[in-house]
Amino acid sequence: MILLMGSTGSGKSYFVNKLKEDATIESDSLYSCTATCQVVRISIGRTNIAVVDCPGFNDTKRSDTEVLGEIAKVLSAQYLFSKKLRLRGILYLRDISKTRMEGSDIATLNLFSKLVGKKAFPHIVFVTTMWGKLDAAGKEVAYKREKELKESFWDEMIQEGSYMTKFQGSKASAEGIISQVVGDADPVILQIQHELIDKDLELAATAAGSILAPIVEEQLVESKSKLQRFRARLAGEKNSTIQRKVLSDIKKVEAERDQAQSDKDQLKEKFGSSVKEKIPEGKNWQETLRTICTVLGVGISVVSVFVPATSCNIM
């Protein structure tokens, strides 16, 4: 198994779609799901690989806690059945056309590094995307941006064994990157897998979850405080127009409070124990993968792609 991770909009789905080009569809159905993970099955020589497009952090429709929970479930299941479904590495995608690293990008990178853990850094590949959309002048700027990413933001992980490459937007480029990961890597165990399965921790007690827990608590306290103020204002307001506006504000803040409470509850979950109880082991890796996706509510589009053994240039 290889995971694709990164912020929303980094090009993960585009990467997966390139792997699917000219593929033979074995199943055209998408299992009923609550997540948006997509699994593509490919073959490199005699090696079968499940490429998983993970939901991105900093999403406008889902909280980071929800996204972390979805990823935690899949990683817990993979670790439990690692003899049949081994994790080879993680591709962390970044849109090279983005002009700068914003605060949300840095927060996502920090969350990602805590999720994988230092021991897994040699199995991480930073993949810059969207090169094909740039003209000559844009590429010149992008090369400087790439150097900045390497030296100022990804430097700590690169010093510990992570490396970089470019996704050129083609099927051959995607296949080459996958081939390199499979060729280089022994199976890897991520920090969050060790925490959830071996230590049976709540999500909030993991290194990644501990980043989100205080943020969620602050959101919950703030939303409750806002509700008190809005309700007090509504009680003393006589103007009907203003009343409607305050009621609208209350409804919005109630949704924020409910989301924060839901996130807090999810952070208290022990995903390792939950997955152990739900998922029976399959006879082979394909059956195990299908069972994981079905039970956890993860979307799966199974595609067979034969990829010959190739190489790619890694920075």
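A salt bridge is taken here as a side-chain nitrogen of Lys or Arg within 4 Å of a carboxyl oxygen of Asp or Glu. In the predicted model, Lys-226 and Glu-222 satisfy this criterion, with their closest N and O atoms 3.8 Å apart. Both residues belong to helix H8 (residues 209-235), where a spacing of four residues separates them by about one helical turn. Each of the two is partly exposed: the relative accessible area is 26% for Lys-226 and 42% for Glu-222.

The search of the whole structure returned 14 salt bridges. One of them joins the side chains of Arg-94 and Asp-105, with an N to O distance of 3.3 Å. Arg-94 is part of strand E5 (residues 89-95) and Asp-105 is part of helix H3 (residues 103-116), so this salt bridge ties together parts that are 11 residues apart in sequence. Arg-94 has a relative accessibility of 8% and therefore counts as buried, the cut-off being under 20%. Asp-105 also counts as buried, at 2% relative accessibility.

A further salt bridge links the side chains of Lys-245 and Asp-249, at 2.9 Å from N to O. These residues lie four positions apart in helix H9 (residues 240-267), a spacing of about one turn of the helix. The accessibility classes of the two partners are not alike: Lys-245 counts as partly exposed at 48% relative accessibility, whereas Asp-249 is buried, with a relative accessible area of 16%. Elsewhere, Asp-59, Arg-62 and Glu-70 are joined into one network by salt bridges that share partners.

The helices that carry the Lys-226 and Lys-245 salt bridges, H8 and H9, also pack against each other, at an angle of about 155° and with their axes 8 Å apart. Since angles over 145 degrees are classed as roughly antiparallel, H8 is roughly antiparallel to H9. The crossing of H8 and H9 is left-handed.

Helix H7 (residues 191-198) was examined for its buried residues, which are Ile-192, Gln-193, Glu-195, Leu-196 and Ile-197. These buried residues pack against three helices, namely H2 (64-80), H3 and H10 (271-278). Helix H3 thus appears in two of the settings described, as it contains Asp-105 of the salt bridge to strand E5 and is packed against by the buried residues of H7. After H7 comes Asp-200, a residue with a positive phi, near 55°.

For the protein chain as a whole, 11 helices and nine strands were assigned. The chain comprises 315 residues, of which 49% count as buried. Among its contacts with a separation of 6 or more, 78% are accounted for by residues 24 or more positions apart. The area exposed by the protein chain is about 15,300 Å², and carbon and sulfur atoms supply 48% of this area.

Technical notes: Residues are numbered from 1 along each chain as its sequence is written. This is a predicted model: local features need pLDDT of at least 70, side-chain atom pairs count only at pLDDT 80 or more; totals for chains, interfaces and linings use all residues. Side-chain values use heavy atoms; hydrogens and water are left out. Buried means under 20% relative accessible area, exposed over 50%, partly exposed in between (1.4 Å probe, protein chains only). Contact means heavy atoms within 4.5 Å. Accessible areas come from the Shrake-Rupley method with a 1.4 Å probe; for residues, only the protein chains shown count as cover. Axes are lines fitted to C-alpha atoms, for helices over the stretch in contact, and angles run from 0 to 180 degrees between N-to-C directions. Angles under 35 degrees count as roughly parallel, over 145 as roughly antiparallel, 65 to 115 as roughly perpendicular and the rest as oblique. A crossing is left-handed if the near helix is turned anticlockwise from the far one by less than a right angle, and right-handed if clockwise.
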